[in-house]
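Biologist: Before we discuss this structure, I should like to have it in front of us. Would you please display the sequence and the model?

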Amino acid sequence: MKMPAVSLLEWQKKFGSEEACAAELAKVRWPDGFFCPRCGSRKASYISTRHLYQCSKCRHQVSITAGTIFHATKISLVKWFWAIYLTASDKGGISALRLAKHLGVSWLTAYRMLRKIRMAMAHRDSIYRLKGFIELDDTYVGGKRSGKRGRGAEGKKPVLVAVEMHPDKGAGFTAMKAVETISHDTVQSFLTRKLLTGQKVKTDALPALTVVGTSQQHEKKITPPEEAAKWLPMVHVIIGNMKAFLTGTFHGVSLKYLQEYLDEFCYRFNRRFWEPELPMRLLNACLAHVPVTKAEFG
Ligand SMILES: [Zn+2]
């Protein structure tokens with residue numbers, strides 16, 4: 001679905017008040033207008049300090065932020081909406097420090113907001129499964145030297161990377177997963193979550209990747225490092241882009257939260273042709289109900 005491109009001034013005009021932002025949330029929750037779950041009344045007033053709609057007839061209160069990334073937030077929705085706009089329009093990904101300055105909040109608050117926005121990004125992409133011709137490889141992130149396996153795994157985290165390869169159009173969608181080890185189990189779980197079954201999947205001949213053959217049409221080839229980029233050209237380009245993204249914007253990422261940054265990279269990469277639409281797309285992803293659990297967000 002095409003989304004409108006919105007300029008900074010238009011955003012300010014559209015989402016300049018708590019009421020306007022709440023109305024946008026309400027549109028997602030009640031596409032046909034407010035509906036009281038207790039008495040069925042269609043009239044309500046908004047209590048902006050608590051992000052609540054109160055039924056005008058029976059006074060029942062409904063939280064407009066329940067089930068979204070804004071749940072239980074003390075930050076104004078206007079600030080949240082700006083965070084979304086700034087995140088979406090900063091090409092390389094905005095840092096918590098920069099966001100904190102723009103919004104007039106503490107670094108920690110900005111950092112937490114960014115984590116939740118990344119969660120919405122991940123949730124959006126989790127719906128999609130890669131298909132067609134796919135290149136799949138592993139890489140290592142962190143430590144003194146990022147690179148392939150075999151350079152000493154100390155302080156590094158393995159990442160599984162898959163990308164759709166269109167013969168004439170180049171790369172399609174990509175998916176990445178940080179794992180503890182590259183094993184049959186982690187590869188299988190990645191395939192199940194991120195790929196449709198029965199696709200054509202190219203890999204090098206790493207033993208842990210033989211499991212690809214159980215659910216996919218697996219093409220594998222033993223490749224010496226200097227030839228790896230010929231056999232799997234696109235996935236190597238993507239891995240290079242991802243590492244530049246991690247070092248450029250975030251100056252090295254704590255490996256504990258690596259997956260969140262990978263999620264942001266993939267979200268942006270997968271929408272690189274729709275850049276002007278990104279603020280509205282990201283807003284939509286954030287307004288949708290995201291399962292926010294303590295396990296996911298400590
Ligand atoms: Zn009511």
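Modeller: One definition is needed at the outset: buried means under 20% relative accessible area, exposed means over 50%, and partly exposed lies in between. The model shown is predicted.

Biologist: With that definition, which class does cysteine 58 fall into, buried, exposed or partly exposed?

Modeller: The relative accessibility of cysteine 58 is 26%. Since the partly exposed class lies between 20% and 50%, cysteine 58 counts as partly exposed.

Biologist: What are the protein donors of the zinc ion?

Modeller: The donors follow the spacing C-x2-C-x15-C-x2-C along the chain. They lie 2.3 to 2.4 Å from the zinc ion. The donor atoms are the SG atoms of Cys36, Cys39, Cys55 and Cys58.

Biologist: What is the arrangement of the donor atoms around the zinc ion?

Modeller: For reference, four tetrahedral donors have ideal angles of 109.5 degrees. Four donors count as tetrahedral if all angles lie between 85 and 135 degrees. The 4 donor atoms here subtend angles of 102 to 113°, so the arrangement is tetrahedral.

Biologist: How many residues apart are cysteine 39 and cysteine 58, which link distant parts of the chain?

Modeller: Cysteine 39 is in the loop between H2 and S1, and cysteine 58 is in the loop between S2 and strand S3 (61-63). Cysteine 39 is partly exposed at a relative accessible area of 32%. Along the sequence, cysteine 39 and cysteine 58 are 19 residues apart.

Biologist: Histidine 51 and arginine 59 also interest me. Is arginine 59 buried or exposed?

Modeller: Both have a positive phi in a residue other than glycine: near 55° for histidine 51, and near 65° for arginine 59. Histidine 51, in the loop between S1 and S2, has 6% relative accessibility and counts as buried. Arginine 59 is placed in the loop between S2 and S3; because its relative accessibility is 55%, arginine 59 counts as exposed.

Biologist: How far apart are the end C-alpha atoms of helix H2?

Modeller: Helix H2 covers residues 18-29 and has 12 residues. At 1.5 Å a residue, the helix should span 16 Å. The model agrees with this, as the end C-alpha atoms are apart by 16 Å.

Biologist: Which elements do the buried residues of H2 pack against?

Modeller: The buried residues of H2 are Glu18, Cys21, Ala22, Glu24, Leu25 and Ala26. Their packing partners are strand S1 (44-47), strand S2 (52-55), helix H3 (77-89) and helix H11 (278-287).

Biologist: How many residues of H3 are buried?

Modeller: H3 reaches 18 Å from its first C-alpha to its last, close to the 18 Å expected at 1.5 Å a residue. Its buried residues include Trp80, Phe81, Trp82 and Tyr85. H3 is mostly covered, and the buried count is 11 of its 13 residues.

Biologist: Which residue forms an edge-to-face aromatic pair with tryptophan 11?

Modeller: The two rings are 4.9 Å apart centre to centre, with 70° between the planes. As planes over 60 degrees apart count as edge-to-face, this pair falls in that class. Tryptophan 11 is buried at a relative accessible area of 0%, and its edge-to-face partner is phenylalanine 15.

Biologist: Tryptophan 11 also pairs with tyrosine 85. How many residues apart in sequence are the parts that this pair ties together?

Modeller: The pair is tilted, at 4.8 Å centre to centre and 50° between the planes. Both of its residues are buried. Tryptophan 11 lies in helix H1 (residues 8-14) and tyrosine 85 in helix H3, so the parts tied together are apart in sequence by 74 residues.

Biologist: Which residues form one aromatic cluster with Trp11?

Modeller: The count of aromatic pairs comes to 14. Together with Trp11, the members of the cluster are Phe15, Phe70, Trp80, Phe81, Trp82 and Tyr85.

Biologist: Finally, how far apart do the C-alpha centres of the two domains lie?

Modeller: The chain is divided into domain 1 (8-126 + 278-287) and domain 2 (133-253). Along its principal axes the C-alpha trace spans about 70 × 40 × 35 Å. The C-alpha centres of domain 1 and domain 2 are separated by 35 Å.

Definitions and conventions: Residues numbered from 1 in each chain as written. Predicted model: local features only at pLDDT ≥ 70, side-chain atom pairs only at ≥ 80, totals over all residues. Heavy atoms only, no water. Helix = DSSP H or I, 4+ residues; strand = E, 2+ residues; numbered from the N terminus. Expected span 1.5 Å × (residues − 1). Buried < 20%, exposed > 50% of the residue type's maximum accessible area, 1.4 Å probe, protein only. Contact = heavy atoms within 4.5 Å. Donors = N, O, S within 2.8 Å, 3.2 Å for Na, K, Ca; no water. Tetrahedral: all angles 85-135°; square planar, octahedral: opposite > 155°, others 65-115°. Domains from an automatic or database assignment. Phe/Tyr/Trp six-rings, centres within 6.5 Å; stacked < 30°, edge-to-face > 60°.
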